[in-house]
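This report goes through the fold, the nonpolar core, the charged pairs and the surface of one protein chain. The sequence and the structure are shown first.

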Amino acid sequence: MGLFSKKKKVDYDVLFKEKYKSINQLIMQANNEMDFVIKESLYALILSEYDELLSYIDMGANFDKEHILSLKNNAQKEYTILNDLNKG
């Protein structure tokens, strides 16, 4: 019976909420980090996590795409600043 059962539908809203919570924890960790190299790598991870959130929205999660793009843009600015500091 279990062999031929239907696949469970993926709830992208739940995945979105879990990922969003994870991103907020990463941002708090980055803000508390004193080492700029580690902080930069955390923001690189944050940016990739925002991309995953956006893909969840594209797959059907019911959240505001413009808001997430705005948050990603802010994280990108922070990443660019850290990257410039670490290069110079």
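## Basis

A salt bridge is taken here as a side-chain nitrogen of Lys or Arg within 4 Å of a carboxyl oxygen of Asp or Glu. By that criterion the structure holds 4 salt bridges. The model is predicted, and the values below are computed from it.

## Overall shape

The protein has 3 helices and 0 strands. Read from the N terminus, the order of elements is α-α-α. The radius of gyration is 17 Å, whereas the globule rule gives 12 Å for 88 residues, so the protein is more spread out than a compact globule. Along the principal axes, the C-alpha atoms fill a box of roughly 60 × 25 × 20 Å.

Among contacts with a separation of 6 or more, 62% are between residues 24 or more positions apart. Of the 88 residues, 26% count as buried. The exposed area of the protein is about 6,400 Å², and carbon and sulfur atoms supply 56% of that area.

## Nonpolar core

In soluble globular proteins, nonpolar side chains tend to be buried together. Here the largest nonpolar core has 18 residues, and those with the most contacts inside it are Phe16, Tyr43, Ile46, Tyr50, Leu53 and Ile68. Helix H1 (12–32), helix H2 (36–59) and helix H3 each supply at least two residues of this core. H2 gives the most, with 9 residues.

Which residues is Ile68 in contact with, leaving aside its neighbours within four places in sequence? They are Phe16, Tyr20, Tyr50, Leu53, Leu54 and Ile57.

## Salt bridges between helices

Side chains of opposite charge can pair when their charged atoms come close. One such pair is Glu49 and Lys19, whose side chains meet in a salt bridge with an N to O distance of 2.9 Å. This pair links distant parts of the chain, with Glu49 in helix H2 and Lys19 in helix H1, 30 residues apart. Both Glu49 and Lys19 are buried. Together with Glu52, these two residues are linked in a network of salt bridges.

Lys72 and Asp51 also meet through their side chains in a salt bridge, at 2.4 Å from N to O. Lys72 lies in helix H3 and Asp51 in helix H2, so the salt bridge ties together parts that are 21 residues apart in sequence. Lys72 is partly exposed, with a relative accessible area of 22%. Asp51 is partly exposed as well, at 38%.

## The Asp58–Lys65 pair

Asp58 forms a salt bridge with Lys65, and the closest N and O atoms of the pair are 2.9 Å apart. Is Asp58 buried or exposed? Asp58 counts as exposed because its relative accessibility is 55%, and the cut-off for exposed is over 50%. Lys65 has a relative accessible area of 33% and is therefore partly exposed.

## Nonpolar surface patch

Phe36, Ile81 and Leu85 form a nonpolar patch on the surface. Together the three residues have about 290 Å² of accessible area.

Ile81 is placed in helix H3 (residues 65–87). With 48% relative accessibility, Ile81 counts as partly exposed, since that class runs from the buried limit of 20% to the exposed limit of 50%.

Definitions and conventions. Residues are numbered from 1 along each chain as its sequence is written. This is a predicted model: local features need pLDDT of at least 70, side-chain atom pairs count only at pLDDT 80 or more; totals for chains, interfaces and linings use all residues. Side-chain values use heavy atoms; hydrogens and water are left out. Patches are made of residues with over 30% relative accessible area and no salt bridge: like charges are joined within 9 Å, nonpolar side chains (Val, Leu, Ile, Met, Phe, Trp, Tyr) within 5 Å. Accessible areas come from the Shrake-Rupley method with a 1.4 Å probe; for residues, only the protein chains shown count as cover. Helices (H or I, at least four residues) and strands (E, at least two) are DSSP runs, numbered from the N terminus. Buried means under 20% relative accessible area, exposed over 50%, partly exposed in between (1.4 Å probe, protein chains only). A nonpolar core is a set of buried Ala, Val, Leu, Ile, Met, Phe, Trp, Tyr and Cys residues joined through side-chain atoms within 4.5 Å. Contact means heavy atoms within 4.5 Å. The radius of gyration is taken over C-alpha atoms; the globule rule is 2.2 Å times the number of residues to the power 0.38.
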